[in-house]
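Biologist: Hello! I am new to this structure, so could you walk me through the reasoning behind the words people use for it?
Modeller: Gladly, let us look at it together.

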Amino acid sequence: MRNKILVGLVLLLAMIVAACSSTGGSGGVADERKARARYEELAKQLDEINGEYSDGTSRQPRNLSVISPRLQRDPYFSKSLSYKKAASDALNRMDWPMAYDQASKGLVELNKFRANRLIAQADELTKAIRRRGLDKVYPDGFARGVDLTNKARSRFNSADFVGSRLDADKAVAELRKVYNDMILVNEYTVVLGDCLWRIALKPEIYNDAYRWPKIYMANRRKFRQPDNPDLIYPGQVFSIPR
């Protein structure tokens with residue numbers, strides 16, 4: 001009888017130790033906090049980006065319950081959303097290492113998103129500067145901007161997405177100095193092949209494709225179908241809010 005009781009106590013102790021090591025021990029608590037903190041950081045950045053690029057067509061709060069259509073089609077943003085869901089599922093299972101890993105991968109995708117967006121802005125600035133001949137007027141600043149853009153692209157291709165984002169941000173700032181005297185238009189006439197995305201990306205407009213909702217909301221009454229921002233026609237004149 002005594003042996004049976006002893007065996008039972010040993011088994012019970014083993015179960016308690018196993019439970020503590022997986023969820024209740026100091027290491028488990030630390031892992032949980034680390035995983036939840038990384039998840040919250042991912043969720044925060046996703047909300048910030050979605051709010052910044054909200055299409056303005058909904059009166060609902062700017063959060064992940066309403067995602068901008070352009071962001072839905074962006075591969076990096078979409079992947080980060082998938083990683084967020086995987087991290088959330090892992091948290092519910094109390095799989096802290098998996099939750100931390102998935103949230104970390106989501107943050108990597110957001111760095112890709114930001115770096116890619118800034119490189120696109122730098123490329124558009126480079127084209128605009130050359131069209132206006134400003135590369136001949138400010139050759140040094142232009143050369144620095146182009147060099148930084150190339151470095152950003154190289155780092156992106158080498159999977160250094162944080163470094164790529166930083167270099168691309170510097171490139172955009174340098175190139176903006178070159179064309180800082182460029183006249184920003186207050187009106188734009190639509191030409192064949194235009195869409196609000198491309199119009200917003202033009203340096204003389206916003207140099208940022210994701211700001212197309214500003215044009216849409218300011219000119220909504222001019223649309224033949226006001227609820228459809230994709231239907232624009234050559235000859236339409238849009239005001240450009242500043």
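Modeller: Let us start with the crossing of two helices. Helix α7 (residues 139-157) passes α8 (residues 161-178) in a left-handed crossing. Please keep in mind that this is a predicted model.

Biologist: What makes α7 and α8 roughly antiparallel to each other?
Modeller: Their axes come within 8 Å and cross at roughly 160°. Angles over 145 degrees count as roughly antiparallel, and therefore α7 and α8 get that description.

Biologist: Which residues make the contact of α7 with α8?
Modeller: On the α7 side they include G141, F142, V146 and L148. On the α8 side, F161, A168, A171 and L175 are among them. By class, the contact has ten nonpolar, five polar and six charged residues.

Biologist: And how do you know whether α5 is roughly parallel or antiparallel to α7?
Modeller: The axes of α5 and α7 come within 10 Å and cross at roughly 150°. With the cut-off for roughly antiparallel at over 145 degrees, the angle makes α5 roughly antiparallel to α7. The crossing of this pair is left-handed. From α5, the contact includes A115, I119, A122 and I129, while α7 brings, among others, F142, V146, A152 and F156. Sorted by class, eight nonpolar, three polar and four charged residues take part in the contact of α5 with α7.

Biologist: Let us stay with α5. Why is Q102 called buried?
Modeller: Q102 has a relative accessible area of 12%. Buried means under 20%, so Q102 earns the word. The residue is found in helix α5, which spans residues 96-131. Leaving aside residues up to four places away in sequence, Q102 touches Y83, A86 and A87.

Biologist: What makes the pair of F113 and Y210 edge-to-face?
Modeller: A pair of aromatic rings is described by the distance of the centres and the angle of the planes. For F113 and Y210 the values are 5.5 Å centre to centre and 65° between the planes. Ring centres must lie within 6.5 Å to pair, and planes over 60 degrees apart count as edge-to-face. Both conditions are met, so F113 and Y210 form an edge-to-face pair.

Biologist: Why do you say that this pair ties together parts that are apart in sequence?
Modeller: F113 lies in helix α5 and Y210 in the loop between α9 (196-201) and α10 (212-218), so the parts joined by the pair are 97 residues apart in sequence.

Biologist: Are F113 and Y210 buried or exposed, and how do you know?
Modeller: F113 has a relative accessible area of 3%, and Y210 has 8%. With the limit for buried at under 20%, F113 is buried and so is Y210. Ring pairs also link F77, F113, W197 and Y210 into a cluster. In total, the structure holds eight aromatic pairs.

Biologist: Why does M94 count as partly exposed?
Modeller: M94 has 46% relative accessibility. Buried is under 20% and exposed is over 50%, with partly exposed in between, so M94 counts as partly exposed. M94 lies in the loop between α4 (75-92) and α5.

Biologist: What is noted about the phi of M94?
Modeller: Phi of M94 is near 60°, a positive value in a residue other than glycine. A159, in the loop between α7 and α8, also has a positive phi, near 70°.

Biologist: What makes I232 a buried residue?
Modeller: The relative accessible area of I232 is 11%. Set against the limit of under 20%, that value makes I232 buried. I232 lies in the loop between α10 and β2 (237-239). Not counting residues up to four places away in sequence, I232 touches V190, D194, C195, L196, I199, F223 and F238. The C-alpha atoms of I232 and L192 are separated by 9.5 Å, and these residues are 40 residues apart along the chain.

Biologist: How many helices and strands does the chain have?
Modeller: The chain comes to ten helices and two strands. Of its 242 residues, 40% count as buried.

Technical notes:
Residues numbered from 1 in each chain as written. Predicted model: local features only at pLDDT ≥ 70, side-chain atom pairs only at ≥ 80, totals over all residues. Heavy atoms only, no water. Helix = DSSP H or I, 4+ residues; strand = E, 2+ residues; numbered from the N terminus. Buried < 20%, exposed > 50% of the residue type's maximum accessible area, 1.4 Å probe, protein only. Contact = heavy atoms within 4.5 Å. Axes fitted to C-alpha atoms, helices over the stretch in contact; angles between N-to-C directions. Parallel < 35°, antiparallel > 145°, perpendicular 65-115°, else oblique. Left-handed = near helix turned anticlockwise from the far one by under 90°. Nonpolar A, V, L, I, M, F, W, Y, C, P; charged D, E, K, R; others polar. Phe/Tyr/Trp six-rings, centres within 6.5 Å; stacked < 30°, edge-to-face > 60°.
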